[in-house]
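Visitor: Got a minute to walk me through this one? I'd like to go piece by piece.

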Amino acid sequence: MIPLLEDYQLVVPRSLRGALDDLAQHPQARPFAGGTDLMVVLEAGHLPPGRYVSLQNCRELLGIERAREGVSIGALTTYSEIQRSPLLADNYPLLRLAALETGGIATQNRGTIGGNVANASPAADTPPVLLVYDAVLELVSASGTRRVPYVGFHRGYKKMDLQPGEIISRVLLPGVAGQGSRPAETVRASVGRAFRPGDPIRSYYRKVGTRRAQAISKVCFAGLLHVEAAAVQDVRIALGSVAPTVIRALATEDALRGQPLDATTIAAAERALLTEIAPIDDIRSNARYRGRVAANLLREFLS
Amino acid sequence: MKITTTINGQPTILDGHPMSRLLDAIRATGLTGTKEGCGEGECGACGVLLDGALVNSCLTPLAHAEGVAITTIEGVSSGEMLHEVQEAFLEYGGAQCGICTPGMVLAAVELLSRNPDPTEDDVRVALAGNLCRCTGYMRIFESVLEAAKKQ
């Protein structure tokens with residue numbers, strides 16, 4: 001059922017400046033991009049009435065570019081564009097895998113990475129990958145630009161470090177193996193040392209849903225692992241659908257870092273993981289299944 | 001709000017609330033080949049091409065159609081000449097009840113425009129967003145693969 005549309009205003013400013021000015025003048029207005037989730041909520045009758053500002057024509061928010069820190073991805077970049085980018089495929093392979101797993105082609109052609117973050121679903125598919133790559137968000141409003149580590153951006157279920165009138169303009173990924181650049185110290189979010197070019201990194205991404213295509217995840221797991229000289233040099237783990245937000249599994253990482261990758265370490269990591277996730281029963285799955293699957297994914301990642 | 005667009009090569013003005021569904025605006029022009037299935041982006045029956053890219057028209061606000069070229073199922077054939085994908089659906093039994101067929105055909109046309117020589121796995125991925133309530137998937141996949149061979 002489509003609700004009465006008189007309660008909604010939708011504007012499509014012609015530029016980023018126009019969009020930011022509109023958002024500054026209407027602090028309650030809500031920005032959106034492809035609309036692939038917004039329209040679902042609208043049709044379900046759950047979209048709050050009010051003013052919506054489409055960022056569709058903000059060309060400043062397009063493009064995947066090399067940056068001093070690594071790569072800069074415009075917030076309007078679609079999942080399809082992520083999949084087609086050799087720069088991302090070569091340096092951040094997990095992002096391509098996550099984009100392939102997000103909805104069907106029609107959704108991938110319209111849904112954007114900025115929208116995936118700002119929609120703040122704990123079940124979103126690309127955010128766990130952004131967490132393991134130590135992403136930094138560039139936020140812009142009519143009064144200026146700031147950068148924040150993505151790891152602290154989600155403050156609770158659908159709560160974000162985002163001011164009224166402020167939007168995500170770009171997603172910045174610091175350099176990873178194979179790329180010569182280094183993360184900018186001022187915005188570095190990482191715990192542990194950075195991965196260095198040439199490090200043998202194991203990348204892992206797996207989304208578990210009801211079926212392979214289209215489904216919303218029951219559990220989603222992203223990991224990067226560097227084992228050398230018989231010990232875990234560094235590790236990054238993030239999960240979706242097991243807490244009110246996507247989470248970086250810092251306690252699990254701590255249980256692994258510096259340890260030999262043996263049965264004792266893996267058991268300790270599994271215990272740590274089960275203490276720091278908080279899965280729930282809901283329409284897609286239940287807490288017990290999610291906990292078991294999260295632990296199984298950790299074991300698959302480490303073995 | 002009036003939206004200036006092109007549908008199947010014809011300049012067209014669509015009128016409606018900017019947040020209304022492109023799906024409804026297209027059907028209101030008489031082009032009823034675009035179907036509504038689920039109305040929430042799960043089934044692909046409302047698929048159309050926007051500037052050549054497959055989208056679900058039920059999830060596209062009308063305002064996002066401004067200045068774009070829309071291709072609906074009615075624009076896939078050239079007059080009486082069916083597209084290879086349509087011919088193959090006929091020949092290999094890719095269509096049963098028909099409600100998913102427009103979306104399936106458009107998803108296949110988009111796939112072949114990106115990838116003229118797909119594997120069966122490529123076809124399965126490209127059509128993963130399209131549901132067939134008759135569950136005739138194998139013949140649909142076969143039809144798309146045969147269409148690719150004939151192109």
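Guide: Sure. One term before we start: two residues are in contact if their C-beta atoms, placed from the backbone, lie within 7 Å. Also, keep in mind that this is a predicted model.

Visitor: Okay, let's use that. Leaving aside neighbours within four places in sequence, which residues is A:Val11 in contact with?

Guide: With that local stretch left aside, A:Val11 is in contact with A:Asp22, A:Val53 and A:Ser54. A:Val11 itself sits in strand E1 of chain A.

Visitor: And is A:Val11 buried or exposed?

Guide: In between. A:Val11 counts as partly exposed, because 15 other C-beta atoms lie within 10 Å, and the buried label takes 20 or more.

Visitor: How far is A:Val11 from A:Pro31 in space?

Guide: C-alpha to C-alpha, A:Val11 and A:Pro31 are 9.7 Å apart, with their positions 20 residues apart in sequence.

Visitor: Switching to the chain pair. How many residues does each chain put into the contact?

Guide: Chain A gives 22 residues and chain B gives 25 residues. On the chain A side, the elements that supply two or more are strand E1 (8–11), helix H2 (38–43), strand E3 (50–54) and helix H6 (105–108).

Visitor: Which of those gives the largest share?

Guide: H2(A), with four residues of the side that touches chain B. By type, that side of chain A splits into eleven nonpolar, nine polar and two charged residues.

Visitor: Now chain A by itself. What domains does it have?

Guide: The domain assignment gives two: domain 1 covers 7–42 + 62–187, and domain 2 covers 201–302. Their centres, taken over C-alpha atoms, are separated by 23 Å. The contact between them takes 21 residues from domain 1 of chain A and 24 residues from domain 2 of chain A.

Visitor: Which elements of domain 1 touch domain 2?

Guide: Helix H5 (93–100), helix H8 (127–132) and strand E8 (154–156) of chain A each supply at least two residues to that side. The largest share, five residues, comes from H8(A). Sorted by type, the domain 1 side has 15 nonpolar, four polar and two charged residues.

Visitor: I see a sheet in chain A too. What's the strand order?

Guide: Four strands make an open antiparallel sheet, ordered E11-E12-E13-E14. Strand E11 (201–208) and strand E14 (247–248) are the edges, each pairing on one side only.

Visitor: How many bridges join E12 to E13?

Guide: Nine, between strand E12 (residues 219–228) and strand E13 (residues 231–240) of chain A. One pairing to look at is A:Leu224, whose bridge partner in E13(A) is A:Arg236.

Visitor: What lies across those strands?

Guide: Two helices to point out. H5(A) lies across E11 and E12 of chain A, at about 15° to E11(A). Helix H11 (residues 287–302) of chain A lies across E11, E12 and E13, running at about 25° to E12(A).

Visitor: Any odd backbone angles?

Guide: A:Ser241 has a positive phi, near 70°, and is not a glycine. Most residues other than glycine have a negative phi. A:Ser241 is in the loop between E13 and E14 of chain A.

Visitor: Is A:Ser241 buried or exposed?

Guide: Buried, because A:Ser241 has 29 C-beta neighbours inside 10 Å.

Visitor: What about chain B, anything with a positive phi there?

Guide: B:Thr135, at about 55°, and again a residue that is not a glycine. The loop between helix H4 (120–126) and helix H5 (137–150) of chain B holds B:Thr135. B:Thr135 counts as exposed, because it has 9 C-beta neighbours inside 10 Å.

Visitor: Last one, H2 in chain B. Which of its residues are buried?

Guide: In helix H2 (residues 84–91) of chain B, they are B:Val85, B:Gln86, B:Ala88 and B:Phe89. Seen down the axis of H2(B), these buried residues fall within an arc of 165°, so they line one face of the helix.

Visitor: And what covers them?

Guide: The cover includes helix H3 (101–114) and H5 of chain B. After H2(B) comes B:Gly93, with a positive phi near 70°.

Terms used: Residues are numbered from 1 along each chain as its sequence is written. Chains are lettered from A and ligands numbered from 1 in the order in which they are written. This is a predicted model: local features need pLDDT of at least 70, side-chain atom pairs count only at pLDDT 80 or more; totals for chains, interfaces and linings use all residues. Domain bounds come from an automatic or database domain assignment. Ala, Val, Leu, Ile, Met, Phe, Trp, Tyr, Cys and Pro count as nonpolar, Asp, Glu, Lys and Arg as charged, and the others, Gly among them, as polar. Two strands pair if DSSP finds at least two bridges between them. Axes are lines fitted to C-alpha atoms, for helices over the stretch in contact, and angles run from 0 to 180 degrees between N-to-C directions. A residue is buried if 20 or more other C-beta atoms lie within 10 Å of its own, exposed if 12 or fewer, and partly exposed in between; C-beta atoms are placed from the backbone. The arc is that of the directions from the helix axis to the C-beta atoms.
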